[in-house]
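Here are a few packing exercises to work through with the model open in your viewer. Try each one before reading its solution.

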Amino acid sequence: MKDRQKLSIYAGAALVSLLLSLWQIIGVQQINHDAVYYLLAAQGDPDAIRHIGNWIFYPRLIAWTSWLTGLNPEHAAWMLNSLLDTLTVLGFVRLVEELGGNQRTLLWAALVVLSLPYFNENRSEIIRDHGYWAFSLVAMIYYLRLFRQFAWKPVLGWNLAMCTALLFRVEALAFLLIMPVGLLASGPDGLKKTAKTLLPVLIPGLALVLFSGMHNRLTDSLTHIRQMTLAFTEVIPHKAALMRKGVVPEFSQGMAETTLYLGVAWSIIKDLISSMSWLYFGILVLRRLFPAPALPPDYRRVLWLYALLSTAILFAHGARHFIMVSRYTLALALMLLPVVVFALEELHRKYREENRGGAWLTAVLLGILLLVGDSLYGSSAPKAYILQAADWARANIPDQSRIVTDYHRERVSWYANRNSNKKLYFRRFRPGQTWLKDFDYAFVRSGKKREESRLYQILTKRGLKPITRIEPERGRGVFIYRLKPDHVSEPVSAKSP
């Protein structure tokens, strides 16, 4: 009976997950920026494949799904992502059950993971992170089993799941190589576990590099691993010197570098809060106010190792690129959230059995209700001028025309050429490299920063006037120019028009 009830929780969570994905997809007016490259790569476009670093497994999955179902690439990608996100939800509930969760705990687990606004808002985003979230979570379930007791089934499950995650994001390589070392802390037989778990990595790893055709960021990372240290030996010192020169000359070099490191750390914390939500992060931090039975000691060890390795990867990435988005921290958030689940279950138990904590429980339920509302409402505002500019181009610009633009080239090109018998070529304007005589039209973004556009300055100086203005949103739109060969005789320079 209990197994049947647990099965109903899994089935219900899967159904709600699919409905949430459908809700987000129905509300899509424009695909995300990266989606264009993945969809074009799925169709074999060499430029798109090169742009995504030859990371082609996700585009191939989209292409295979499209071929099997007969759906167009966009719908195939959404279908694939819906299944991967459902696997993430089921994997999270299963992880909580592995930690000893009862039926009510599993209900809380489903409620927590299904109410994450950031996770839900990304359901319609065509990004390869969906596969990484799902399979890295599944891999950690097998790792926990392996940490408790050695068996070949969890060894195989761990390696297959994390290798699959590696096909989506290169960060999985660090976990695949380093996490087995953490098995040394599992007990007297830790060394045997580590050796036997690392051994199978060589076989799928070698096959991945030799036979998958993936000369991509994985092989680049293996051959240029020294670049990871450059963030600390060159990038940070260089940026610190620039900061001292232009912003805070009174800082010493060491103080400037420390400031940058603190900025990276704050960026990671901020994005972790975003991926977990303010409510669940608050419960995690204020756990003493939400007393719960201690998590199993083995999971605490696993969690510490996973969190330290994740933080190191995030810090290295942030220090090198100074760009951090919440989807990079979501995998870590999913591993931390079981702490929140058991805290909520204990709060519920105290109210149910001891009639204590009613105010806290009410506040939490209201907070979850707000998270659900945030998930359903969404916060992204579509850029209507992208679609209108694409529609205008499809209706008015002759076939085989070349267009130079200083904004959203990928999405305008995608919508202008989709379901069209024309082929329009869009290229991004690059000062000093773009010859306007090679193009028939120019698309220039209007709005507050229009005067800062080098392309707009060049066209205005030469006396060109827009042939049409598309401004559906106040302060945002696009000006469209017709270019004539006799207007240009030299390349556009960043210094001189």
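**Exercise 1.** Which residues in α6 meet which residues in α17? Then describe how the two helices are arranged.

Solution. Keep in mind that this is a predicted model.
- Start with the contact list: on the α6 side you should find R104, T105, W108, A109, V112 and V113. Their partners in α17 are L334, L337, V341, F342, L344, E345, H348 and R352.
- Now sort them by class, which gives nine nonpolar, two polar and three charged residues.
- Next comes the geometry: α6 (residues 103-114) packs against α17 at an angle of about 130 degrees, and the axes are 9 Å apart. Angles over 145 degrees count as roughly antiparallel and 65 to 115 as roughly perpendicular, with the rest oblique, so α6 is oblique to α17.
- For the handedness, α6 passes α17 in a right-handed crossing.

**Exercise 2.** Work out how α16 is oriented relative to α17, and what kind of residues make the contact.

Solution.
- Take the angle between α16 (residues 297-321) and α17 (residues 330-354): it's about 150 degrees, with the axes 10 Å apart.
- That angle makes α16 roughly antiparallel to α17.
- The crossing of α16 past α17 is left-handed.
- From α16, the contact uses Y299, L303, Y306, A307, S310 and L314. α17 brings A331, L332, M335, L336, P338 and V339.
- Tally the classes and you get eleven nonpolar, one polar and no charged residues.

**Exercise 3.** Classify the pairing of β1 and β2, then follow the chain from one to the other.

Solution.
- β1 (residues 402-405) and β2 (residues 425-428) pair in the parallel sense, over four bridges.
- For a landmark, look at I403, which stands opposite F426 in β2.
- Trace the chain from β1 and you go through α20 to reach β2, a right-handed β-α-β crossover.

**Exercise 4.** That crossover helix, α20, also packs against α19. Are the two helices oblique or roughly parallel, and what do they touch with?

Solution.
- The axes of α19 (residues 384-396) and α20 (residues 409-417) come within 8 Å and cross at roughly 45 degrees.
- The two helices are therefore oblique to each other.
- α19 passes α20 in a right-handed crossing.
- On α19, the touching residues are I386, L387, A390, A393 and R394, and they meet R411, V412, Y415 and A416 in α20.
- Split by class, this contact holds seven nonpolar, no polar and two charged residues.

Conventions: Residues are numbered from 1 along each chain as its sequence is written. This is a predicted model: local features need pLDDT of at least 70, side-chain atom pairs count only at pLDDT 80 or more; totals for chains, interfaces and linings use all residues. Side-chain values use heavy atoms; hydrogens and water are left out. Axes are lines fitted to C-alpha atoms, for helices over the stretch in contact, and angles run from 0 to 180 degrees between N-to-C directions. Angles under 35 degrees count as roughly parallel, over 145 as roughly antiparallel, 65 to 115 as roughly perpendicular and the rest as oblique. A crossing is left-handed if the near helix is turned anticlockwise from the far one by less than a right angle, and right-handed if clockwise. Contact means heavy atoms within 4.5 Å. Ala, Val, Leu, Ile, Met, Phe, Trp, Tyr, Cys and Pro count as nonpolar, Asp, Glu, Lys and Arg as charged, and the others, Gly among them, as polar. Two strands pair if DSSP finds at least two bridges between them. A crossover is right-handed if, with the strands pointing away from the viewer, the path from the first strand over the helix to the second runs clockwise.
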